[in-house]
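Me: Please take a close look at a single part of this model. I would like one helix pair, set against the whole chain.

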Amino acid sequence: MKLFGYWRSSATYRVRIALALKKLDYDYHPVNLLEGEQKSDAYLAKNPLGLVPALATDDGEIISQSLAIMEYLEERHPAPSILPQSHAARGHARAIAATLACEAQPFMNLRIQKYLKHDLGLDTDARTAWLNRWPGGAMAATEKMVAAHGGEFCVGDAPTIADCCLVPQMFGAKRFGIDTAAMPRLTEIYERCIALPDLEKALPENQPDAVKGNS
Ligand SMILES: N[C@@H](CCC(=O)N[C@@H](CS)C(=O)NCC(=O)O)C(=O)O
């Protein structure tokens, strides 16, 4: 498999964590977002939306959208699983994953941040307030969902697709100045996840395209 992504892209990071938890090998192909490589014809042929990640499977298919990629990996390589056992717990794990991937992270995306800054003229303080309201609001809701369904991890006591989405969201929150002080469960689970030896290869700073000194 080939994973096309960017070292500090949250959506790519989700897929790297899922691949790591499933102990799957892959080749990593960096797409430099700051240089606009996601808008090149070569990349648009893989994902017409111009967003990373994209996964090229061993069968020659190209799949985009991190949630769809993780579901593909789960179906194609069921063990070890990144879904809990019971139907209800699976629903909760998917709901947390969707809350973070669909209701929080999109507001933090590079193209949205560029639009706020350059087209709407919002200064850093206004953009930080905006991020605390929208992604921050979705994360506050996630804190409650995890309080209801979590254990050692977001749902139960093993990492799932929900944790694959939580870790990059917390990483992004730090970068963008989203206040997580009132999110003790998310903070605790984030710290537990990044300490897992399995996740080491997935961490942004361990990617070949990582820029040292940047977070
Ligand atoms: N819903 C998509 C989101 C993908 C996404 O937002 N990718 C960002 C990086 S995290 C990107 O490629 N941004 C490039 C840009 O905004 O031009 C997914 O889950 O895969």
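Reply: Here is the chain in outline, followed by the pair α1 and α3.

This is a predicted model, so local features need pLDDT of at least 70, side-chain atom pairs count only at pLDDT 80 or more, and totals for chains, interfaces and linings use all residues. Residues are numbered from 1 along each chain as its sequence is written.

The protein chain has eight helices and four strands. Helices (H or I, at least four residues) and strands (E, at least two) are DSSP runs, numbered from the N terminus. From that end, the order is β-α-β-α-β-β-α-α-α-α-α-α. Of the 215 residues, 38% are buried, meaning that 20 or more other C-beta atoms, placed from the backbone, lie within 10 Å of the residue's own.

Now the pair. Helix α1 covers residues 10-21 and helix α3 covers residues 66-76. Their axes come within 9 Å and cross at roughly 10°. Axes are lines fitted to C-alpha atoms, for helices over the stretch in contact, with angles from 0 to 180 degrees between N-to-C directions. The two helices are therefore roughly parallel to each other, a label for angles under 35 degrees.

Which residues meet? From α1 come Ala11, Arg14, Val15, Ala18 and Leu19. From α3 come Ser66, Ile69, Met70 and Leu73. Contact requires C-beta atoms, placed from the backbone, within 7 Å. By class, this contact has seven nonpolar, one polar and one charged residues. Ala, Val, Leu, Ile, Met, Phe, Trp, Tyr, Cys and Pro count as nonpolar, Asp, Glu, Lys and Arg as charged, and the others, Gly among them, as polar.

Conventions. Buried ≥ 20, exposed ≤ 12 C-beta atoms within 10 Å, placed from the backbone. Parallel < 35°, antiparallel > 145°, perpendicular 65-115°, else oblique. Contact = placed C-beta atoms within 7 Å.
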